[in-house]
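Trainee: I am new to this one. Can we go through the terms and what backs them?
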Amino acid sequence: MTLRIFPDDRSLARGAAGAIRDLIVSAIDARGVSRVVLAGGGTPAATYRALSGMKLPWEKTAWYFGDERMVPAAHPESNARMARENLFQRLPGAPFRIHTIDGTRTPGEAARAYEGLLRQARTPGTEHRAPLFDLVLLGLGADGHTASLFPDDGALDSNGRWALPVLAPPGHAVRERVTLTVECIHLSRERWFLVSGGGKREILARVLTSNPTPSLPATLLADGATWFVDRAAAGSRE
Ligand code: 6PG
């Protein structure tokens with residue numbers, strides 16, 4: 001587990017964006033293409049804006065989503081909308097290759113369709129555990145969820161699936177969702193968490209000091225992950 005602590009949210013966004021750019025460039029140098037899974041929620045927005053200001057071989061990068069709320073793409077709660085506003089529409093005409101989860105279908109249909117797209121993306125002939133992505137970006141919820149993998153939810157047992165429908169706990173603005181599974185997210189060369197703000201200090205400390213447990217889903221993806229955090233979230237941790 002690697003922890004990168006930045007003085008504040010702005011330096012976190014710049015640092016994470018620079019690291020994403022470097023990873024994409026090296027993936028393209030090595031394999032001719034890069035595949036990046038975007039996180040939803042609010043934290044990544046500043047990082048996506050910083051990334052949009054960088055020079056990148058956009059045409060050689062395929063963008064995916066770690067989860068989506070089952071709403072139309074124009075809905076304020078849509079993760080695709082957040083990525084569009086903070087990254088894609090800031091580069092008009094760039095040849096983006098964006099694979100969104102269709103929020104207008106039923107969660108089950110959308111999950112099966114997205115899984116089918118991912119399985120088609122699999123390079124033919126590669127063994128079933130070969131990396132599917134170069135990078136999966138993840139956030140951290142106050143209850144320890146990540147993507148839309150919520151505490152003690154049945155979707156934590158992937159059962160061979162790469163994408164599953166889930167119902168977020170009461171209190172979430174949009175409860176019907178689709179999420180990549182733990183098994184699918186582990187098919188990434190890199191897993192990076194972006195965590196910012198004093199409100200995440202307690203949950204970050206719990207996740208970083210806990211063994212893998214379904215009650216804190218982020219712990220199921222923490223092993224080998226890199227954490228990009230600001231000082232407010234890190235507290236006194238070095
Ligand atoms: C989502 C995200 C979710 C998010 C966390 C943190 O669709 O809600 O995938 O996992 O990353 O809830 O959200 P904030 O960054 O807004 O705190």
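Mentor: Start with the ligand. This is a predicted model, and the ligand sits in the largest pocket.

Trainee: What makes you say that the ligand "sits" in the pocket?

Mentor: The term requires more than half of a molecule's atoms within 2 Å of the pocket's grid points. The ligand counts as sitting in the largest pocket, so it passes that test.

Trainee: Which residues surround the ligand most closely?

Mentor: There are 15 residues around the ligand, and the closest are Thr-43, Asp-67, His-145, Ala-147 and Lys-200.

Trainee: Why is the pair between Thr-43 and the ligand called a polar contact?

Mentor: The cut-off is 3.5 Å between N or O atoms. A side-chain N or O atom of Thr-43 is 2.6 Å from a ligand oxygen, so the pair qualifies. Asp-67 has a polar side-chain atom 2.7 Å from an oxygen of the ligand. For His-145, the distance from a polar side-chain atom to a ligand oxygen is also 2.7 Å. Of the 420 Å² of accessible area that the ligand has on its own, the protein covers 84%.

Trainee: How do the shell residues divide by type?

Mentor: Two are nonpolar, nine polar and four charged. Asp-67 and Lys-200 are among the closest residues. Asp and Lys count as charged, so both names fall in that class.

Trainee: Now the sheet. What is the strand order?

Mentor: The open sheet has seven strands in the order 1-10-9-6-2-3-5, with parallel pairing.

Trainee: Why are strand 1 and strand 5 at the edges?

Mentor: Strand 1 (2–6) and strand 5 (97–98) each have a single partner strand, so one side of each lacks a neighbour in the sheet.

Trainee: How do you know that strand 2 and strand 6 pair?

Mentor: Pairing needs at least two bridges. Two bridges join strand 2 (residues 34–38) to strand 6 (residues 133–138), so they pair. Val-37 stands opposite Val-136 in strand 6.

Note on methods:
Residues are numbered from 1 along each chain as its sequence is written. This is a predicted model: local features need pLDDT of at least 70, side-chain atom pairs count only at pLDDT 80 or more; totals for chains, interfaces and linings use all residues. Side-chain values use heavy atoms; hydrogens and water are left out. A residue is near a molecule or strand if one of its heavy atoms lies within 4 Å of it. A polar contact is a pair of N or O atoms within 3.5 Å; within protein, one must be able to donate a hydrogen and the other to accept it, and residues adjacent in sequence count only if both atoms are side-chain atoms. Accessible areas come from the Shrake-Rupley method with a 1.4 Å probe; for residues, only the protein chains shown count as cover. On a 1 Å grid over the protein atoms alone, a cavity is a set of points where a 1.4 Å probe fits but cannot get out, and a pocket is an open set with protein on both sides within 12 Å along at least five of seven lines; lining residues have an atom within 4 Å of a point. Helices (H or I, at least four residues) and strands (E, at least two) are DSSP runs, numbered from the N terminus.
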